[in-house]
Amino acid sequence: MVLNLTTLMNTLTLFVMKTKTVKSKRPSPQRKVVTKSSKENLEEIFEDLLKDIYWAEKYLTKALPKMSKASFNEDLKAAFDNHLEVTEHQVKRIEQCFELLDKKASAKKCPGMEGLVKEGEEVIEDLHEGHARDAGLIAAAQKIEHYEISAYGTLRTMAKVLGKAQCAELLEETKDEEAEADQLLNDLAERINQMAGEVGEEVE
Ligand SMILES: [Fe+2]
């Protein structure tokens, strides 16, 4: 009888413990604190992405002269020089966007762009000046352009949704410029890859 009573007490204790555990796992509606609305979170992401592309564009203004200097083909060199000017305008456009948001322009390091630029630097380090190096530089530059097209497309869509029409227009303008630059690189790649594919001596 004593043994049975002990067993009963143990079972009851176990039941109470289990019930408590289950209860504690349930979220209490009173404790749930909503700090930001979904729109506020989207605004935060938008601003964060704007800082990211601001850093990326400024970083590119330092990388493009190096890519131009390393180019063998004159048209490719001219394309990089021209895109440097375009990029400087794009930096200004982002600053305009910050102004429209009534925010101070600030940059946040973009590891994506840093990595893509590094790929271009590796091409310069690994190959001698010539058609093959040019083909490698185009490949790196096109990856950069595609990153930017994607970034500006996302930002443009977010700006529209958030009711920032002027910002959306500026971002769309830049996105179109990036697409033009990519098309020009496509055209250059057609010729330059062809030349690189022919057996010949590279310039030392
Ligand atoms: Fe750009």
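How are helices α3 and α6 oriented to each other? In this predicted model, α3 and α6 are roughly antiparallel to each other. The tour below begins with the whole chain and then returns to this pair.

**The whole protein**

Display the full model as a cartoon. The protein contains 6 helices and 0 strands, and from the N terminus on the elements run α-α-α-α-α-α. Colouring by burial would mark 27% of the 204 residues as buried. Among contacts with a separation of 6 or more, 77% are between residues 24 or more positions apart.

**Helix α3**

Select residues 74-100, which form helix α3. This helix has 27 residues and reaches 39 Å from its first C-alpha to its last, close to the 39 Å expected at 1.5 Å a residue. Show the side chains of L76, A79, F80, H83, T87, Q90, I94 and C97, which are buried in α3. An α-helix has 3.6 residues a turn, so residues three or four places apart point the same way. The buried residues of α3 pack against α2, α5 (131-161) and α6. Move on to D102, just after α3, where phi is positive, at about 65 degrees.

**α3 against α6**

Add residues 165-197, which form helix α6. Two packed helices are described by the angle between their axes and the distance between the axes. For α3 and α6, the axes come within 10 Å and cross at roughly 170 degrees; an angle over 145 degrees counts as roughly antiparallel, and the two helices are therefore described in that way. Their crossing is left-handed. On the α3 side, select D75, L76, A79, H83, V86, Q90, R93, Q96, C97 and L100, which make the contact. Their partners in α6 are Q166, C167, L170, L171, E173, T174, E177, A181, L184, L185, L188 and I192. By class, the residues of the contact of α3 with α6 comprise 13 nonpolar, 5 polar and 4 charged.

**α3 against α2**

Hide α6 and select residues 38-70, helix α2. The axes of α2 and α3 come within 9 Å and cross at roughly 160 degrees, which makes α2 roughly antiparallel to α3. The crossing of α2 and α3 is left-handed. In α2, pick out L50, I53, Y54, E57, K58, L60, T61, L64, P65, M67 and S68. These residues meet K77, F80, D81, H83, L84, T87, E88, Q90, V91, I94, C97 and F98 in α3. The residues of this contact of α2 with α3 divide into 13 nonpolar, 5 polar and 5 charged. H83, Q90 and C97 deserve a second look: they take part in the contact with α6 and in the contact with α2, and they are among the buried residues of α3.

**K175 in α6**

Restore α6 and centre on K175, which has its place in this helix. Is K175 buried or partly exposed? K175 is partly exposed, with 19 other C-beta atoms within 10 Å. Leaving aside neighbours within four places in sequence, K175 is in contact with I149, Y152, G153 and R156. Next, draw a line from the C-alpha atom of K175 to that of Q90: the two residues are 85 residues apart along the chain, and these atoms are separated by 9.7 Å.

**P111 in α4**

Finish at P111, which lies in helix α4 (residues 111-126). P111 counts as exposed, with 10 C-beta neighbours inside 10 Å. The C-alpha atoms of P111 and W55 are separated by 9.8 Å, although the residues are 56 residues apart along the chain.

How values were computed
Residues numbered from 1 in each chain as written. Predicted model: local features only at pLDDT ≥ 70, side-chain atom pairs only at ≥ 80, totals over all residues. Helix = DSSP H or I, 4+ residues; strand = E, 2+ residues; numbered from the N terminus. Buried ≥ 20, exposed ≤ 12 C-beta atoms within 10 Å, placed from the backbone. Contact = placed C-beta atoms within 7 Å. Axes fitted to C-alpha atoms, helices over the stretch in contact; angles between N-to-C directions. Parallel < 35°, antiparallel > 145°, perpendicular 65-115°, else oblique. Left-handed = near helix turned anticlockwise from the far one by under 90°. Nonpolar A, V, L, I, M, F, W, Y, C, P; charged D, E, K, R; others polar. Expected span 1.5 Å × (residues − 1).
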